Amino acid sequence: MNIDRYMVNLFFEIKRNTSNEQQTKLKISDPDLGHTMIALYHCSDDEANQRLIEVFLGRAGDGWLKKLHSQKQTLLSKFATANHRAEKHSKGDQISSNSITTKARYYRGALVEG
């Protein structure tokens, strides 16, 4: 993988937006940086960070973006079959609307309704 200046900036932006535990694992000199980025993409919930990883892998060349999406499809199909099995197992069980809670969202210290 050839890394240019733009990719270095992307790497450090991605690293800044990950958790402290994952930051220690991310090293730009890692010989398996592409595989590390793919793993980070799949375990990240932050959509903005996932987009940055997609751009990084797109500039990396050598089919890294294709590898990312092929693994994503594999994981989605595994999740769908597991979800289907869970639905069949709990058929008839319904969740009452009182048991569902929403997370409180804060923006700059103020509670946001929505």
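Okay, let me start with a term: by a polar contact I mean a pair of N or O atoms within 3.5 Å, where, inside a protein, one has to be able to donate a hydrogen and the other to accept it. Keep that in mind for the start of helix H4. There, a side-chain oxygen of Asp46 comes to within 3.4 Å of the backbone nitrogen of Ala48. And before I go on: what you see above is a predicted model.

Quick overview. The protein has five helices and two strands, and if you read along the sequence you get α-α-α-α-α-β-β. It has 114 residues, of which 19% count as buried. As for contacts, take those with a separation of 6 or more: 49% of them are between residues 24 or more positions apart.

Let me spend most of my time on H3 and H4. H3 runs over residues 33-43, and its buried residues are Leu33, Gly34, Met37, Ile38, Leu40 and Tyr41. Those residues cover an arc of only 160° around the axis, so they sit on the same side of H3.

Now H4, residues 47-60. That's 14 residues, reaching 20 Å from the first C-alpha to the last, which is close to the 20 Å expected at 1.5 Å a residue. Which residues of H4 are buried? Asn49, Gln50, Ile53, Glu54, Phe56, Leu57 and Ala60. Looking down the axis of H4, you find its buried residues within an arc of 165°, so they line one face of the helix. Right after H4 comes Gly61, with a positive phi, near 75°.

Two polar residues on that list deserve a closer look, so to speak: Gln50 and Glu54.

Gln50 first. Why does Gln50 count as buried? Its relative accessibility is 15%, and the cut-off for buried is under 20%. Leaving out residues up to four places away in sequence, Gln50 touches Tyr41 and Ser44. There's also a backbone distance here: the C-alpha atoms of Gln50 and Leu40 are 8.4 Å apart, with the two residues ten apart along the chain.

Ser44 itself is in the loop between H3 and H4. At 12% relative accessibility, Ser44 counts as buried too. With the same neighbours left out, up to four places away, Ser44 touches Asn49 and Gln50.

Then Glu54, again in H4. With 17% relative accessibility, Glu54 is in the buried class. What is Glu54 in contact with, leaving aside neighbours within four places in sequence? The answer is Tyr41, Leu65, Leu68 and His69. So Tyr41, one of the buried residues of H3, turns up in the contacts of Gln50 and in those of Glu54.

Last bit: the rings. How many aromatic pairs does a search of the whole structure find? One. The rings in question belong to Phe11 and Phe12, with centres 5.2 Å apart and planes at 80°, so the pair is edge-to-face. Are the two partners buried or exposed? Phe11 has 0% relative accessibility and counts as buried, while Phe12, at 37%, counts as partly exposed.

And one more ring, further along: Lys67 lies over the face of Trp64, at 4.1 Å from the ring centre.

That's what I have. Happy to go back to any of these on the model.

Technical notes
Residues are numbered from 1 along each chain as its sequence is written. This is a predicted model: local features need pLDDT of at least 70, side-chain atom pairs count only at pLDDT 80 or more; totals for chains, interfaces and linings use all residues. Side-chain values use heavy atoms; hydrogens and water are left out. Buried means under 20% relative accessible area, exposed over 50%, partly exposed in between (1.4 Å probe, protein chains only). Helices (H or I, at least four residues) and strands (E, at least two) are DSSP runs, numbered from the N terminus. The arc is that of the directions from the helix axis to the C-beta atoms. Rings of Phe, Tyr and Trp (its six-membered ring) pair if their centres lie within 6.5 Å; planes under 30 degrees apart count as stacked, over 60 as edge-to-face and the rest as tilted. A charge sits over a ring if NZ of Lys or CZ of Arg is within 6 Å of the ring centre and within 35 degrees of the ring normal. The expected span of a helix is 1.5 Å times one less than its number of residues. Contact means heavy atoms within 4.5 Å.
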